[in-house]
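User: I'm new to this one, so please take me through it with short questions and plain answers.

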Amino acid sequence: MWLLLSPTVLEAPFLRGEPFSFLGRKGLRGEGFVWLETGIGKVNAALTLAAWASQDSVEKALLFGIAGAYPGSGLLPGDVVLVGEEVEADLGTQEGLKPLGFPALEVGGKAYYNRFPLDPGLTRALARMLGLRVVVGLTRDRVSENPGEAEALASRWGAQVESMEGAAFARACLALGIPGVEVRAISNPAGVRDKGAWRIPLAVRALEGTLTPILGGAFPEGLQG
């Protein structure tokens, strides 16, 4: 069974199930999944996953939602990607935590500073099944406010998409031993705050088209819950 997470209800209007409340936000129990609204930002994403995992076993988790595309990524509104690695770009110095000598997380003898992988096997399998590109995501609690800032972040960290939750989800999955994957649909160019350039309904329809086969059970061998 999948644990599905999205920052807002607006990103999940196509899901159907029995409603319930969790941590004061919305949830659904559907066929083959439980969905939780996390709220926006890193703390909310990590808190929601950890709180749910403390009371229910999580077989595999999927974070989905809209995202901004960085300059040079080649991504346009309506495109859908899988995130293979997340960067927590506002943790530590401008160059990250490593210059300070303190890892954000240590698991199995490996130190993680600002880069956190999603589950590689699950990500590769879904990429093959869905024909999706796997990219690097960048997460900050404050999004890019202009194209110049977005371009600088993309160049510094080698990222293609920007969100406010991805790194926290990836980091929490690593810490809790939960196989996690992330799906993002592009709604806007990162750094463009003019909502007239955003295509949120298009991105949400793209999310629906991507999640439908996942929840419908058309899984590669070894992914069926």
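**Getting started**

User: Which is lysine 42, buried or exposed?
Analyst: The relative accessible area of lysine 42 comes out at 10%. Buried means under 20%, exposed over 50% and partly exposed in between, using a 1.4 Å probe and protein chains only. That 10% is why lysine 42 gets the label buried.

User: What kind of model is this?
Analyst: Residues are numbered from 1 along each chain as its sequence is written, and side-chain values use heavy atoms, leaving out hydrogens and water. Local features need pLDDT of at least 70, side-chain atom pairs count only at pLDDT 80 or more, and totals for chains, interfaces and linings use all residues, as the model is predicted.

**Salt bridges**

User: How many salt bridges does a search of the whole structure find?
Analyst: A salt bridge here is a side-chain nitrogen of Lys or Arg within 4 Å of a carboxyl oxygen of Asp or Glu. Searching the whole structure that way gives a total of 12.

User: How far apart in sequence are the parts tied together by aspartate 90 and lysine 42?
Analyst: These two form a salt bridge, with their closest N and O atoms 2.6 Å apart. Aspartate 90 sits in the loop between β6 and β7 (105–107), while lysine 42 belongs to helix α1. Helices (H or I, at least four residues) and strands (E, at least two) are DSSP runs, numbered from the N terminus. So the pair links parts whose separation in sequence is 48 residues.

User: Which is aspartate 90, buried or partly exposed?
Analyst: Its partner lysine 42 is buried at 10%. Aspartate 90 has 34% relative accessibility, so it counts as partly exposed.

User: Which residue forms a salt bridge with arginine 156?
Analyst: Arginine 156 lies in helix α3 (residues 147–157) and is partly exposed, with a relative accessible area of 33%. Its closest N and O atoms in the bridge are 3.9 Å apart, and the partner is glutamate 95.

**Arginine 184**

User: In which strand is arginine 184 found?
Analyst: Arginine 184 is buried, with a relative accessible area of 1%. Its strand spans residues 180–189 and is β12.

User: Which residue forms a salt bridge with arginine 184?
Analyst: The closest N and O atoms of this bridge are 3.2 Å apart. The partner lies in the loop between β11 (161–163) and α4, so the pair ties together parts 19 residues apart in sequence. That partner counts as buried at 4% relative accessibility, and it is glutamate 165.

User: What is the length of the polar contact that joins the side chains of arginine 184 and serine 163?
Analyst: A polar contact is a pair of N or O atoms within 3.5 Å; within protein, one must be able to donate a hydrogen and the other to accept it, and residues adjacent in sequence count only if both atoms are side-chain atoms. Arginine 184 and serine 163 meet this way through their side chains, at 3.4 Å.

**The cores**

User: Which element gives the most to the largest nonpolar core?
Analyst: A nonpolar core is a set of buried Ala, Val, Leu, Ile, Met, Phe, Trp, Tyr and Cys residues joined through side-chain atoms within 4.5 Å. Of the 30 residues in the largest one, those touching the most other members include Leu36, Trp52 and Phe169. Elements supplying at least two residues each include β1 (2–6), α1 (42–53) and α4 (166–176). The one giving the most, with 5 residues, is α4.

User: How many residues are in the second, separate core?
Analyst: Its members include Phe14, Leu15, Trp35 and Leu62. The size of this second core is 26 residues.

**Around α2**

User: Which backbone oxygen does the side chain of threonine 123 reach?
Analyst: Threonine 123 is in helix α2 (residues 120–130), and at 4% relative accessibility it counts as buried. Contact means heavy atoms within 4.5 Å, and beyond neighbours within four places in sequence, threonine 123 is in contact with residues including Leu82, Val83 and Val181. At 2.7 Å, its side chain reaches the backbone oxygen of aspartate 119.

User: At what angle do α2 and helix α5 pack?
Analyst: Axes are lines fitted to C-alpha atoms, for helices over the stretch in contact, and angles run from 0 to 180 degrees between N-to-C directions. Leu126, Met129 and Leu130 of α2 and Thr210, Pro213 and Ile214 of α5 make the contact. The axes are 11 Å apart, and the angle is about 110°.
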